[in-house]
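User: I am new to this structure, and I would like to understand how each label attached to it is justified. Could we go through the reasoning step by step?

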Amino acid sequence: MNTEERQLAEMLHRVTPEPPRRVTVEDVAFRLAGDTQREPRPRRGSIWNSVFRGGRGWTPVLAALSVFAIAGASAGIATVATSHHSHTPATAGGPPPGTASVSSSASPTAPSQSPPPAGETLRVAGGMWGAKLINRHSFNQGSLTGSGDSLYAVEDGALARIDAASGATLQTAPYSPPVFSRPVVVGNTVWVVWSYGGGGIVLRGYDARTLAQVASVPVPAAGGVSNLAQGVLTADPDGKLYVAAGDSVAIVDPAARQVTHRISLTAGQASSVAVSPDGSKLYVGVAPSGSFQLLVYDVATGSQVSSSQMSFGGAANLVATDGGVWGTTGTGMSQWVWFASGGNLTRSFRVSQGPGAGFSSVPVYSGGVVWVGGSHELICASPSTGQALARTSIPTDHSVVEYFDSATVLSSGHAYALYQDNAAHLAGVASLTPPAACSG
C-alpha cells in the first residue's frame, strides 16, 4: 500500500471504522456517497486538510469523483450520487442511514406539490378547509357521492367504490356514463344510468359493498329523450327512483325492479329532475332552445302545480331543498349555479361564478347544506335561503386554477370532494374539514 492509499484508508476508517484493507477508487466513491449524515470538520494537520486544501491526497479523490462522471450512464450510480445529496432520513423498512439505495427508475415529483411524509396524506390548495388528497385517481367531474363509510365516483370506464377512511379504491365495475348524472344510492344499491338515448333508457343497480350488478331496469322514453339532459336520475325519501324519460318522468320501484307509473309533462322533454326532501313535489326541467322552463308537480296526484321560465339556455342538474330548487346554467365553458326560492325561476339568483377552464359547477345537497364548488370558491349554502353560510377562496397553483366539486358528507360527518390540479398533475378525492357553519 503506497502513502496515498494509506492516507485514504485512514480517512475512511475515521468515517466508518473497519479493519484496514486495500482501498480502491470505487471504495472511495461509494463510501463518500454513503456518508449522507455528516462531514467531519477539518482538523489541523489531518488528511481532510490535504484533501480539501489541495495536498497530495487530492489525486485519488479526484480519481474517485471521476468514477461518478464516467459511470453517469448507469442508473445505479446515478441513484447513489443522488442519495449523497439527500439528507432525508430513511423510513422504517428502508435502507439504513449511510447506505446507498440503488434503483433503476424514480417517479417524478410534481412541480408544485411535494410528497408528504410517510404515513401522511398530501395537503392540497394550501390546506384550505383542511384539504388533503386521500385518493389519486382521476374521476369524472361531479360524479362523487357516498353512503355509510363508502364513497362512489366514476372514473374512466368504471364505477369505483372508495374507502373513506383510507382513500383506497376497494372495488370497480365497468361503467361509461351516457349522460351526466351522479350515481344514486338507495339502501344497499348504487343506481346509475347505463344507457340513455332515443326511445330507451336502462338503469343498472350495483351492490353497495361489492359493486356486483344486482339489477337492470329498462325504462321506455315517451317521445325520445332530451339532447340537453343532465341530472336525469334522482330518488325520493322512500327510495323510489325518478327518471327523466322523454315527455314524462318515470317512477321506478327499486325493489320490484320496474316502472310503476309515470307523470306526463305538459310541455317538452324532461332534461333534469329533482324531488323535494319531503317527497311531495317533483321538479322537472324542460330546456327548449335558448331558454329553460321549470315545471312543478304534486307527486301524490301527478298534477302540475306551477311553471316558470328563465332566459338562460342549457339549464339542468336540478337539486331540491326545503327552500326551493337549485340548478346550473351557462354558456360555453362557464357553468354557474342558481337558486330559485319556492321553485319559482322569476325569483332565482346566481349563487356562484362560473369555474371556467372547462370545469363544471354542480350543486350537491349533502349533510344538511348545499355545496357549490368550482375553481374560484368552495361554498356551503343554506338549503332554505340559498345564501352562503361559509365560503373559501380556492388558490391557484402557479396561476393555474385548482378545482373542487361534488362535495359529499358521510354519516360520520366527514366531508369529501373531487379535486384536480393540472399544474401539479394531481387529481383524486380530497378530505375536507369545513367550518362549523357548514354542519347543517
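Analyst: What follows is a set of questions about a predicted model, each answered by setting a value against its definition.

User: What makes up the chain as a whole, in helices, strands and buried residues?

Analyst: The chain contains five helices and 29 strands, and 47% of its 440 residues are buried. The accessible surface comes to about 20,000 Å², of which 52% belongs to carbon and sulfur atoms. Among the contacts with a separation of 6 or more, 47% are between residues 24 or more positions apart.

User: Why is the pair of Trp-326 and Phe-339 called tilted?

Analyst: Two rings count as a pair if their centres lie within 6.5 Å, and the pair is tilted when the angle between the planes is neither under 30 degrees nor over 60. By this rule the count comes to six aromatic pairs. For Trp-326 and Phe-339 the centres are 4.7 Å apart and the planes stand at 50°, so the distance satisfies the limit of 6.5 Å and the angle falls in the tilted range.

User: What makes this pair a link between separate parts of the sequence?

Analyst: Trp-326 lies in strand β20 (residues 324-331) and Phe-339 in strand β21 (residues 334-341), so the pair ties together parts that are 13 residues apart in sequence. Trp-326 and Phe-339 also belong to one aromatic cluster with Phe-349.

User: How do you know whether Trp-326 and Phe-339 are buried or exposed?

Analyst: Buried means a relative accessible area under 20%. Trp-326 has 0% and Phe-339 has 1%, so each of these two residues counts as buried.

User: Why is the pair of Phe-359 and Tyr-403 called stacked?

Analyst: Planes under 30 degrees apart count as stacked; here the planes are at 10° and the ring centres are 4.2 Å apart, so the pair of Phe-359 and Tyr-403 is stacked. Phe-359 lies in the loop between β22 (348-350) and β23 (364-366), whereas Tyr-403 lies in strand β27 (residues 402-409), so this pair ties together parts that are 44 residues apart in sequence. Phe-359, at 6% relative accessibility, counts as buried, and Tyr-403, at 1%, counts as buried too.

User: How do you know that the charged end of Arg-204 sits over the ring of Trp-194?

Analyst: The atom CZ of Arg has to be within 6 Å of the ring centre and within 35 degrees of the ring normal. The charged end of Arg-204 is 3.7 Å from the centre of the ring of Trp-194, which is consistent with the distance limit of 6 Å, and the charged end is accordingly described as sitting over the ring.

User: Why is Val-214 called partly exposed?

Analyst: The label applies between the limits of 20% and 50%, and Val-214, with 38% relative accessibility, counts as partly exposed. Val-214 is found in strand β10 (residues 213-220), and its contacts beyond four places in sequence are with Thr-189, Gly-205, Tyr-206, Asp-207 and Arg-257.

User: What makes strand β28 largely enclosed?

Analyst: Six of the seven residues of strand β28 (residues 415-421) are buried, so the strand is largely enclosed by the rest of the structure.

User: How do you know that β28 pairs with β27 and with β29?

Analyst: Two strands pair if there are at least two bridges between them. Six bridges join β27 to β28, which run antiparallel, and seven join β28 to strand β29 (residues 426-432), again antiparallel; each count satisfies the requirement of at least two. As examples, Asp-405 has Leu-418 in β28 as its bridge partner, while Gln-420 has Ala-427 in β29.

User: Why are β1 and β27 called edge strands?

Analyst: Five strands form an open sheet with antiparallel pairing, in the order β1-β2-β29-β28-β27. The strands β1 (122-123) and β27 each pair on one side only, and they are the edge strands.

User: What makes up the largest nonpolar core?

Analyst: The largest nonpolar core has 46 residues, and those with the most contacts inside it are Val-193, Tyr-196, Ile-201, Leu-203 and Leu-282. Leaving aside neighbours within four places in sequence, Leu-282 is in contact with residues including Tyr-242, Val-249, Ile-263 and Leu-295. A second, separate core of 24 residues includes Trp-129, Cys-380, Ala-390 and Ala-415.

Terms used. Residues numbered from 1 in each chain as written. Predicted model: local features only at pLDDT ≥ 70, side-chain atom pairs only at ≥ 80, totals over all residues. Heavy atoms only, no water. Helix = DSSP H or I, 4+ residues; strand = E, 2+ residues; numbered from the N terminus. Buried < 20%, exposed > 50% of the residue type's maximum accessible area, 1.4 Å probe, protein only. Contact = heavy atoms within 4.5 Å. Core = buried A, V, L, I, M, F, W, Y, C linked by side-chain atoms within 4.5 Å. Areas by Shrake-Rupley, 256 points an atom, 1.4 Å probe, with all protein chains shown as cover.
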